[in-house]
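Please consider the structure shown here, with attention to its ligand and its aromatic rings.

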Amino acid sequence: MKTAITEMFGIEHPIIQGGMHYVGFAEMAAAVSNAGGLGIITGLTQGTPEKLANEIARCKDMTDKPFGVNLTILPTLTPPDYPGLVKAVIEGGVKVVETAGRNPVDLLPPLKDAGIKVIHKCTSVRHSLKAQEIGCDAVSVDGFECGGHPGEDDVPNFILLPRAADELEIPFVSSGGMADGRSLVASLAMGAAGMNMGTRFIATKEAPVHENVKQAILAASELDTRLVMRPLRNTERVLTNEAVERLIQKEKDLGDAITIQDILPEVAGVYPKIMMEGTMDAGAWSCGMVAGLIHDIPTCKELIDRIMLQAEEIIARMQAQARA
Ligand SMILES: Cc1cc2nc3c(=O)[nH]c(=O)nc-3n(C[C@H](O)[C@H](O)[C@H](O)COP(=O)(O)O)c2cc1C
């Protein structure tokens, strides 16, 4: 399938694996790219430019296909060395960067000078338009369903995607709630040029996370995610567990007086414990409502091939219906 996104990134299928903390290692990105999608290494999981350079080199050993690096711009008191991470991306010969979080304008000049394509993840039309205005090449439009940070507007993709299509000139992909060929065809119908998936890619053979994480996604239904940190205007959609319910109780008890310090036990440094050790109640971890649509653990190639086949079948069926 050829779309503006496959052309822009030089990939076979219009499917992207979004950056995921402690999931987006070289193994994950290479598996998705080898299957014809765009795999993405998560820059901040590596943390330092040296470690990111090493991860990029490892990924290059595993694939000769294009892959990207996610740079999430967080509002922290001690920010990571973003210029150093950008340098590692450029020197590593990476051709695509997925930015997320705050406005990436400061990172753009060196990336653009190096000919790197930038896709910015946004949860609203106004942020998407801003990304277009500052020179991003594409946007990943992340609806309210998504795992991770859906923003504060709560607009689901059935509204957000056509709204983005009406306003944007640059290509965009859908993100949030995407799982299969139905998701891809629906995204294309609403004006997207492809789709981005997070949670679905965790439940694959190659995802370098503990088996408990994959089983937790399989066991979850679409009713099992919760929104946390809304009082801090840093809303995150996570899979419910003991720590999450404790966190929500703190939010209820403390109301507007809550600070990040109050919930540090539930959110700080929990990803390695969950993703690597499989200690599922260690804290809050991002997961999308799409968990309700995930029932197996295929390889990335099986997953992507299946999505493309199903998409083609749906399109053919709809063409026949339209002609009838
Ligand atoms: C476990 C997990 C960790 C994530 N970490 C990040 C991250 O570090 N940076 C980022 O930009 N997005 C992150 N995301 C969001 C994904 O890239 C993607 O936008 C989202 O998962 C799409 O929604 P879906 O899960 O419904 O497919 C994360 C998502 C998950 C599930």
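The following paragraphs treat the ligand site and then the aromatic side chains.

This is a predicted model, in which local features need pLDDT of at least 70, side-chain atom pairs count only at pLDDT 80 or more, and totals for chains, interfaces and linings use all residues. Residues are numbered from 1 along each chain as its sequence is written, and side-chain values use heavy atoms, with hydrogens and water left out.

Around the ligand are 23 residues, of which G19, K121, G177, G198 and T199 come nearest; a residue is near if one of its heavy atoms lies within 4 Å of the molecule. By class, this shell has 14 polar, 7 nonpolar and 2 charged residues, where Gly counts as polar. At least two shell residues come from each of strand 3 (67–73), strand 8 (195–197) and helix 10 (199–202).

Polar contacts (pairs of N or O atoms within 3.5 Å) can be followed atom by atom. A backbone N or O atom of H21 lies 3.0 Å from a ligand nitrogen. From the side chains, a polar atom of N70 lies 3.1 Å from a ligand oxygen, and a polar atom of T72 lies 2.9 Å from a ligand nitrogen. The protein buries 94% of the 600 Å² that the ligand exposes when taken alone.

The structure also holds 1 aromatic pair (ring centres within 6.5 Å). Y22 and F25 form this pair, with 6.0 Å between centres and 75° between planes; the arrangement is edge-to-face, a class for planes over 60 degrees apart. F25 counts as buried because its relative accessibility is 14%, the limit being under 20% with a 1.4 Å probe and protein chains only.

Methods:
Rings of Phe, Tyr and Trp (its six-membered ring) pair if their centres lie within 6.5 Å; planes under 30 degrees apart count as stacked, over 60 as edge-to-face and the rest as tilted. Buried means under 20% relative accessible area, exposed over 50%, partly exposed in between (1.4 Å probe, protein chains only). A polar contact is a pair of N or O atoms within 3.5 Å; within protein, one must be able to donate a hydrogen and the other to accept it, and residues adjacent in sequence count only if both atoms are side-chain atoms. Accessible areas come from the Shrake-Rupley method with a 1.4 Å probe; for residues, only the protein chains shown count as cover. Helices (H or I, at least four residues) and strands (E, at least two) are DSSP runs, numbered from the N terminus.
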